Amino acid sequence: MDPIRVLVVDDEPIMATVTTLYLEERGGCACEVCTSAQEALNVLESTTFDIIVSDYQMPGMDGIAFLKAVRARPEYIPFILFTGRGREEVIIEALNNGADFYLQKGVDPESQFAELAHKIRHAVKRRRSEEALAASESLKRIILDNVTENVVFQDADCRIVWANKAAHYSAGGLGEDLTGQYCYEVWQKRSQPCEACPVLEAIETGEPRAALTRVPGGGEWIMRATPVRDAQGTIIGAVKTGLELTALKAIESERLQSKERLDLAIEAANLAVWDWYPAERRVFYDDAYASMLGYAPDELELRDGTFAHMVHPEDLPPAQRAIHEHFEGKKPYAKAEFRMRCRDGTWKWIYACGRVVERDEDGAPVRMVGAHQDISGRKIPEAQIVASRDLAFGLAGASSLDEAFGLCIAYAMDVSGMDCGSLFLYNEESGDVKLAHAIGVSDAFVQKETRNKPCPELIQQTLRGGAWFPALADLGDCLQLLLEEEGISAVAILPILFEGMPIGLITIASRTQDAIPDGCRKPLEAMVAEMGSAIARIHAREALKKSNESLKSANHVLNLLSSVTRHDILNQVGALQAYLALLEEERLENSSAREFCGRMKEITDTIRRQITFTGDYQHMGEKDPEWQHVEWLVKRAADTIRLNGMQLDIATGPLEIYADPMLEKAFCNLLENAVIHGQCTSRISVSFCEDDGCSLLVVEDDGVGVPESMKQHIFEKGVGTHTGYGLFLVREILEITGLAIREAGGEGAGARFEICLPEGRWRTRSASP
C-alpha cells in the first residue's frame with residue numbers, strides 16, 4: 001500500500017523534524033514540512049496530500065486561520081491541529097471550522113506521537129471510505145440514469161423518493177422535481193392509485209409484481225415493482241421499473257427493417273455470410289452460401305470444420321497463407337481469391353474476406369466471421385483474355401506441330417475448366433479425321449481412337465464448320481461408348497478453320513461436369529478461330545524446314561551463281577562509273593551533255609545499291625542464328641536511316657536476342673516505317689518489358705498509328721504505300737527463330753510493335769559494339 005502523504009506545518013524546525021521522523025519510521029507516512037501557513041498554502045496549489053498536521057501558534061497566520069483557508073478550497077483534506085495550546089475555546093473553534101482531530105503537545109512524546117499516527121490513519125481511512133462511498137453512490141446514479149427504462153424508488157406510502165433521468169423525461173422533462181409526488185399523479189394524471197397497482201401489491205405482499213398499464217396519450221407500459229427491505233427486514237418501499245411497449249415495438253420494427261435492408265444489400269452484392277469457430281471445427285453459413293455453389297443448405301459437406309477440400313488445389317496454399325497471416329496479427333483482414341468446386345463439377349471464382357472477432361486469453365482465434373462473393377463474372381473474362389494472348393504467343397513460338405497441338409488443347413481446357421481434350425486433323429483427300437494429339441485421356445482411349453474408324457458425326461461437324469456442344473447420345477453408339485468407358489460426361493467439338501476451309505477439330509471434355517459452362521462457349525469459339533492460321537503457318541514452316549535440306553545445295557549453287565553474276569555486274573558498273581568520272585573531267589561544254597552525264601551517274605549509283613541490297617537479303621535464313629545485342633543493333637540501324645530530327649530512345653539495357661543475322665535489317669524496316677508512315681512522328685522508342693510472364697521487345701512511335709482496318713494485314717506481302725515488303729520481311733526474319741510480332745497500338749496514338757521473345761530466345765549480357 002502507498003504511504004500516507006502528510007503535510008506537516010510547524011514554525012519550530014526541531015518539532016517539525018521530530019514529528020516527521022516518527023511518522024515516517026513508525027507511522028508508514030511520507031512527510032513534507034512547511035514552516036508557515038502561507039508556505040503550506042502555496043505548496044497545496046501544486047501538490048496533493050492525504051492529511052495536514054498543523055501547529056496552532058505560528059507567525060503571520062495561526063492554525064485556525066490556516067484551517068479556514070484550507071476549508072475554503074474546493075477539495076476536502078483531513079486536518080489535525082497538533083499544538084501545545086490546550087485552551088477549550090481553541091479546541092471548540094478548531095472543531096467548528098472543520099478540524100478532524102485536536103491533539104495537544106507536551107505529554108509523553110512516545111504516547112503523543114503514537115496517538116498522532118493513530119489519528120492520522122483513522123482520519124485518512126474515514127476520508128477514503130467517504131470518497132469510495134460517494135464514488136459508489138455516484139456510479140450507481142450514473143448507471144441508473146443511463147438505463148433506458150424508468151427506474152423509480154417509492155416509499156411505503158407510494159411517494160416518489162428518487163427517479164432516474166428516463167423517468168423524468170417520461171414525466172415531462174428534467175426540470176420537474178418528482179420527489180414527494182405520487183406516481184399516479186405524475187403519469188396517470190389521477191388522484192387515486194391505479195387498479196392492480198404493482199407497487200402497492202409488492203409492498204403489501206412482499207413479492208415482485210408486474211402489470212400492463214396505459215397512460216394518457218395511448219402509450220402502453222410494462223410496470224414491474226420489487227419490494228425493498230431495511231436491515232431488519234421491514235419493507236420500506238419498492239423499486240418500480242417501466243418499459244414503454246410503444247418504443248419497444250418501434251425499435252423491433254426498425255430492427256426488422258434494418259435486417260431487411262442488410263439482407264437486400266447482401267443479396268444485391270452477391271454475398272454469402274459465414275461464421276467459423278476454428279478450434280471447435282464448426283462453421284455456420286447462410287442459405288446463400290450453399291446456393292452460390294449449387295447446393296441445398298443441408299447438402300454441403302464439412303471436413304475438419306472447413307470447406308478447404310472444395311477449393312482448387314492451386315489456390316488453396318495462398319488462401320491458407322492469408323488466413324494464417326491474419327491469425328498472427330500481420331494483416332487486419334484475411335482476404336483471398338480462389339476457385340471453389342460447385343455441385344455440378346464446375347469451378348467458381350470466389351472473393352473471401354473475413355476477420356477474427358473473438359480470441360482466447362492466449363490470443364488464439366476463437367471466432368471468425370466473413371463473407372464470400374462470386375467474382376466469376378470478372379475473373380473468368382480476365383483469365384480468358386490472358387489465355388487467348390498466351391496462346392497466340394505460345395503458338396508463335398511453337399517449334400513443332402505437336403507442340404502447337406498440345407498448346408491448343410491445354411489453353412482450351414484452361415478457359416473452359418475441362419480436364420481432358422484431343423485434336424484431330426482433317427484429310428481432305430480421304431475425307432477422314434485422324435487423332436493428332438490428346439491430353440488427359442488414357443492410353444487405351446488413344447489406341448482405340450486411333451484404331452477405330454472415324455466417327456461420321458465428327459467428320460460432318462468438321463465440314464459444317466460450327467461449334468457443337470452435343471449430349472453423348474448425339475455422337476453415335478461407337479463414340480458414346482468410348483467416351484463413357486473413359487468416364488467422360490460432357491464434351492464440346494470445335495472445328496479448326498483456315499481461310500474458311502476445315503483443317504481439323506478440337507474436342508474438350510470433362511469427367512466431373514454435366515455440360516460445358518455457357519459462359520465459356522463464346523471465348524472457346526473465339527480462341528479456336530485463332531488456332532487455324534497459327535497451325536497452318538506452323539505446318540507450312542515445318543514443310544519449309546523439310547524442303548530446306550533438299551534445297552540447300554541448290555540454293556548454294558544458285559547463290560554462288562548469283563554472287564558471281566552480281567560480282568561481274570558490279571565490276572561493269574564500276575567500270576561505267578570510272579568512264580563517267582573521266583567524261584566529267586573533260587569539262588563538257590554542252591550543258592545537256594553535262595546533265596545527261598550526271599543522271600547517268602545517279603542511275604549507276606542506284607543500280608549498285610539495288611544489286612548490293614539483293615545481296616543482303618539473298619542470305620536471309622541461310623546463316624545460323626546468333627546472339628545479338630539489341631541496343632547496338634538499333635543504333636547501327638538508325639545510322640543508315642534519315643530520322644529527320646526524330647528523337648530515338650533505347651531502353652533495352654544489356655538485352656540480347658537469338659535471331660537471324662538479318663535482324664538489323666528488320667530494325668531498319670521498323671524505323672523506316674515510323675519515318676515514312678508516322679506522318680507527324682517526333683519520337684521513336686525501343687524498350688523491353690515482361691508482362692504476365694511474357695517477354696516483349698517493343699518498338700513504338702507517337703505518330704498517327706495504324707488504322708484498325710489495316711492491323712490484320714500490315715504483315716502481308718504487298719501491303720503498304722511504299723514498297724509493300726518492309727513489314728512482311730520483318731515478320732519473316734523474326735519467324736526464322738520463332739519470334740512473333742504484332743501491332744498493338746491505338747489508331748491516332750502511334751504505332752506499337754510488340755515482339756514476343758520466347759524463353760531461351762533472350763538473355764541479358766553486357767556487350768561492346
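## Aromatic pairs

In this predicted model, the rings of Phe, Tyr and Trp form twelve aromatic pairs when a pair is taken to mean ring centres within 6.5 Å. One of these joins Tyr277 and Phe284, whose ring centres lie 6.0 Å apart and whose planes stand at 85 degrees, so the pair is edge-to-face. The two partners differ in their surroundings, since Tyr277 is buried with a relative accessible area of 15%, whereas Phe284 is partly exposed with a relative accessible area of 44%.

Another pair joins Tyr285 and Tyr289, with ring centres 5.7 Å apart and planes at 40 degrees, and because this angle is neither under 30 degrees nor over 60, the pair counts as tilted. Here Tyr285 is partly exposed, at 25% relative accessibility, while Tyr289 is buried, at 4% relative accessibility. Elsewhere along the chain, Tyr22, Phe82 and Phe113 come together as one aromatic cluster.

## Charges over rings

Tyr277, the buried member of the edge-to-face pair described above, also has a charged group over its ring: the charged end of Arg282 sits there, 4.8 Å from the ring centre. A lysine is placed in a comparable way at Trp632, where Lys635 lies over the face of the ring at 4.5 Å from its centre.

## Helices H20 and H21

Two packed helices are described by the angle between their axes and by the distance between those axes. For helix H20, which covers residues 663-677, and helix H21, which covers residues 726-735, the axes come within 9 Å and cross at roughly 150 degrees. Since an angle over 145 degrees counts as roughly antiparallel, H20 and H21 are therefore roughly antiparallel to each other. The crossing in which H20 passes H21 is left-handed.

Which residues of H20 and H21 meet? On the H20 side they are Leu663, Lys665, Ala666, Asn669, Leu670 and Asn673, and on the H21 side they are Gly726, Leu727, Leu729, Val730, Ile733 and Leu734.

## Lys665 at the helix contact

Lys665 lies in helix H20 and is among the residues of that helix that meet H21. Although it takes part in this contact, Lys665 is partly exposed, with a relative accessible area of 26%. Val730, which is among the H21 residues in the contact, stands 65 residues from Lys665 along the chain, yet the C-alpha atoms of Lys665 and Val730 are separated by 7.8 Å.

Technical notes: Residues are numbered from 1 along each chain as its sequence is written. This is a predicted model: local features need pLDDT of at least 70, side-chain atom pairs count only at pLDDT 80 or more; totals for chains, interfaces and linings use all residues. Side-chain values use heavy atoms; hydrogens and water are left out. Buried means under 20% relative accessible area, exposed over 50%, partly exposed in between (1.4 Å probe, protein chains only). A charge sits over a ring if NZ of Lys or CZ of Arg is within 6 Å of the ring centre and within 35 degrees of the ring normal. Axes are lines fitted to C-alpha atoms, for helices over the stretch in contact, and angles run from 0 to 180 degrees between N-to-C directions. Helices (H or I, at least four residues) and strands (E, at least two) are DSSP runs, numbered from the N terminus. Angles under 35 degrees count as roughly parallel, over 145 as roughly antiparallel, 65 to 115 as roughly perpendicular and the rest as oblique. A crossing is left-handed if the near helix is turned anticlockwise from the far one by less than a right angle, and right-handed if clockwise. Contact means heavy atoms within 4.5 Å.
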